[in-house]
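User: Please take a close look at the aromatic residues of this model and at the parts of the structure around them. A single connected account would be preferred.

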Amino acid sequence: FTFITPILTDVTGFSAATASILLIVFGVATFAGNLTGGRLIGRFGWQRTLRTLLALLALTQVVLALTISFQWAMVPLLFVWGVCAFGMSPAFQAGMLATAERFTPAAVDFASGLNISAFNIGISLGAFAGGVLVSRGLMASTPWVGVAASILAFVPLAWLGRKVI
């Protein structure tokens, strides 16, 4: 997320004013993602929702990386990215709470707080990894960090799925 505006202006070629409007599009997508994620959890459960949205997020980031210089592609990808990324928020929270209730019922509130911390750590690590690329003049390659992070997220999810089920 750290590099959305520089990507929009420096790589994709949008004006600063248009980039500001596109950030609103992204914000609307994150709101829609939260609603969508909640509905998907109710229908499919938190694990299936997370797996599906992680896969879609990785795919979105691959397409973004391959089409990053095309303005016509950026607008719908920005929206899909926001929906997928923030559709996972309710699923992460539901998973965290379900796991805590099963294994440490006295620490459910603590587990909920850990979820917020995990988000912030993830954002920091993503910004760091992206910053390494940017410092080497590879701004357009930053979506690959998102792909790697999405794929890497499957590891603890698979492990947790074996423990919880």
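Analyst:
**Aromatic pairs and their surroundings**

The mean pLDDT of this predicted protein model is 90, and 96% of its residues reach 70 or more. Confidence is highest in H2, at 95, and lowest in helix H6 (residues 143-164), at a mean of 81.

The aromatic pairs come to a count of 4. One of them joins Phe70 and Trp72 in a tilted arrangement, with 5.8 Å centre to centre and 35° between the planes. The angle of 35° falls between the limits of 30 degrees for stacked and 60 for edge-to-face, so the pair counts as tilted. Phe70 is partly exposed, at a relative accessible area of 38%, whereas Trp72 is exposed, at 64%.

Another pair, Phe92 with Phe119, is edge-to-face, with 5.6 Å centre to centre and 85° between the planes. Phe92 belongs to helix H4 (residues 71-103) and Phe119 to helix H5 (residues 108-135), so this pair ties together parts that are 27 residues apart in sequence. Phe92 is partly exposed, with a relative accessible area of 30%, and Phe119 is likewise partly exposed, with 28%.

In addition, Phe26, Trp81 and Phe86 form one aromatic cluster. Trp81 is also one of the residues that line the largest cavity. The count of cavities of 30 Å³ or more is 1, and the largest cavity has a volume of about 30 Å³. Besides Trp81, its lining includes Phe3, Ile4, Ile7, Leu8, Leu64, Met74 and Leu78. H1 and H4 are the elements that give two or more residues to this lining.

Phe70 leads to a further site, since Thr12 touches Phe70. Thr12 is found in the loop between helix H1 (4-11) and helix H2 (16-44). With a relative accessibility of 4%, Thr12 lies under the 20% limit and therefore counts as buried. The side chain of Thr12 reaches the backbone oxygen of Ile68 at 2.7 Å. Leaving aside residues up to four places away in sequence, Thr12 touches Ile7, Ile68, Ser69, Phe70, Gln71 and Met74. Among these contacts of Thr12 are Ile7 and Met74, which also appear in the lining of the largest cavity.

Notes
Residues are numbered from 1 along each chain as its sequence is written. This is a predicted model: local features need pLDDT of at least 70, side-chain atom pairs count only at pLDDT 80 or more; totals for chains, interfaces and linings use all residues. Side-chain values use heavy atoms; hydrogens and water are left out. Rings of Phe, Tyr and Trp (its six-membered ring) pair if their centres lie within 6.5 Å; planes under 30 degrees apart count as stacked, over 60 as edge-to-face and the rest as tilted. Buried means under 20% relative accessible area, exposed over 50%, partly exposed in between (1.4 Å probe, protein chains only). Helices (H or I, at least four residues) and strands (E, at least two) are DSSP runs, numbered from the N terminus. A polar contact is a pair of N or O atoms within 3.5 Å; within protein, one must be able to donate a hydrogen and the other to accept it, and residues adjacent in sequence count only if both atoms are side-chain atoms. Contact means heavy atoms within 4.5 Å. pLDDT is the predictor's confidence in each residue, from 0 to 100. On a 1 Å grid over the protein atoms alone, a cavity is a set of points where a 1.4 Å probe fits but cannot get out, and a pocket is an open set with protein on both sides within 12 Å along at least five of seven lines; lining residues have an atom within 4 Å of a point. Grid points are joined across faces, edges and corners, and a volume is the space filled by probe spheres set on the points.
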